[in-house]
Amino acid sequence: MKIGVYPGSFDPVTEGHMDIIKRSAKMFDKVIVAVARNYSKKPLFTAEERMELIQRSLQGLPNVEVDSFEGLLMDYIHSKDAQVIIKGLRAISDFEYEFQMALMNRKLDSKVETIFMMTSYKYSFLSSSMIKEVASLGGCIAGLVPENIIPDIYRKLKTIR
Ligand code: COA
């Protein structure tokens with residue numbers, strides 16, 4: 001069984017992430033969207049909330065699972081018997097950091113491949129921080145995140161004001 005893991009912070013999931021998830025679901029028997037619990041940025045949503053928002057956005061994708069992980073990504077990959085790390089590339093600016101991570105992961109286990117998928121052009125400017133900034137200033141985020149999670153984003157931002 002070909003299993004790919006798509007790791008990230010997903011704070012919150014955007015249409016850019018959904019684009020990568022939908023396209024990778026066609027390439028693997030199973031895709032696990034793995035929410036990082038211990039990443040260095042201070043998240044707006046808890047890991048459980050981030051997982052729930054992704055889960056709710058996944059309608060019609062039966063071979064995609066949502067999970068979370070802590071610690072080394074490679075340990076998680078091994079625990080799931082996965083063979084591939086899936087990453088999205090939005091712009092040249094992502095490349096250097098992603099390249100470094102991919103090489104470090106290869107050093108940790110050369111049997112695990114990292115594949116990069118180009119994010120669709122219309123989402124190439126997106127980031128979760130930008131979504132939060134625009135929404136917190138009252139701007140419209142329709143079309144940039146899955147429609148059914150938009151109220152959750154505005155509601156959560158209100159609680160931190
Ligand atoms: N569409 C829209 N936005 C996207 C995107 C896409 N397709 N792909 C990435 N982004 C955005 C994210 O929203 C995020 O935006 P933000 O900074 O505004 O929050 C930004 O790009 C970075 O993505 P992120 O999900 O935070 O991923 P990352 O590339 O920094 O990697 C982990 C995060 C968790 C995968 C990585 O740190 C990791 O593997 N940690 C585990 C520890 C470990 O094993 N370390 C050694 C690995 S070498």
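A residue counts as buried here when its relative accessible area is under 20% and as exposed when that area is over 50%. Keep those cut-offs in mind as we walk through this structure, which is a predicted model.

Let's start in the loop between β1 and α1, where phenylalanine 10 sits. With a relative accessible area of 1%, phenylalanine 10 is buried, because that figure falls under the 20% cut-off. Its backbone deserves a look too: phi is positive, at about 50°, even though the residue is not a glycine. Stay in that loop between β1 and α1 and you'll also find proline 12. The peptide bond joining aspartate 11 to proline 12 is cis, with an omega of about 0°.

Now hop over to the loop between α3 and β4, home of aspartate 81. This is another non-glycine residue with a positive phi, this time about 55°. But is aspartate 81 buried or exposed? Its relative accessible area is 60%, which is over the 50% cut-off, so aspartate 81 counts as exposed.

A third loop, the one between α4 and β5 (113-118), holds aspartate 109. This aspartate is buried, at 11% relative accessible area. What does the side chain of aspartate 109 make a polar contact with? The partner is the side chain of histidine 78, at 2.6 Å. Leaving aside residues up to four places away in sequence, aspartate 109 touches Met74 and His78.

Met74 turns up again around isoleucine 85, a residue of strand β4 that touches Met74 as well as Val5, Pro7, Leu73, Ile77, Asn105, Val112, Glu113, Thr114 and Ile115, again skipping residues up to four places away in sequence. Isoleucine 85 counts as buried, since its relative accessibility is 1%. Check its C-alpha atom against that of tyrosine 6: the two residues are 79 apart along the chain, yet these atoms are separated by 6.0 Å.

Next, the nonpolar interior. The largest nonpolar core has 34 residues, and Ile21, Ile54, Leu58, Val64, Ile86 and Ile153 have the most contacts inside it. Two or more residues of this core come from each of α1, β2 (30-36), α2 (47-57), β3 (64-69), β4, α5 and α6 (150-159). There is also a second, separate core of 14 residues, which includes Val5, Ala34, Leu73 and Met74. For a close-up of the largest core, take isoleucine 21, one of the residues with the most contacts there. Isoleucine 21 touches Tyr6, Val33, Ile54, Leu58, Leu61 and Val64, with residues up to four places away in sequence left out of the list.

Finally, turn to the largest pocket, which holds about 1,100 Å³ of space. Which residues lie nearest the centre of this pocket? They are Gly8, Ser9, Lys41, Lys87 and Glu98, out of 40 residues that line it. The lining breaks down into 17 nonpolar, 15 polar and eight charged residues. At least two lining residues come from each of β1 (3-8), α1 (15-25), α3 (73-79), β4 (84-89), α4 (92-108) and α5 (128-136). Among the contributors, α4 gives the most, with eight residues.

Definitions and conventions: Residues are numbered from 1 along each chain as its sequence is written. This is a predicted model: local features need pLDDT of at least 70, side-chain atom pairs count only at pLDDT 80 or more; totals for chains, interfaces and linings use all residues. Side-chain values use heavy atoms; hydrogens and water are left out. On a 1 Å grid over the protein atoms alone, a cavity is a set of points where a 1.4 Å probe fits but cannot get out, and a pocket is an open set with protein on both sides within 12 Å along at least five of seven lines; lining residues have an atom within 4 Å of a point. Grid points are joined across faces, edges and corners, and a volume is the space filled by probe spheres set on the points. Helices (H or I, at least four residues) and strands (E, at least two) are DSSP runs, numbered from the N terminus. Ala, Val, Leu, Ile, Met, Phe, Trp, Tyr, Cys and Pro count as nonpolar, Asp, Glu, Lys and Arg as charged, and the others, Gly among them, as polar. A nonpolar core is a set of buried Ala, Val, Leu, Ile, Met, Phe, Trp, Tyr and Cys residues joined through side-chain atoms within 4.5 Å. Buried means under 20% relative accessible area, exposed over 50%, partly exposed in between (1.4 Å probe, protein chains only). Contact means heavy atoms within 4.5 Å. A polar contact is a pair of N or O atoms within 3.5 Å; within protein, one must be able to donate a hydrogen and the other to accept it, and residues adjacent in sequence count only if both atoms are side-chain atoms.
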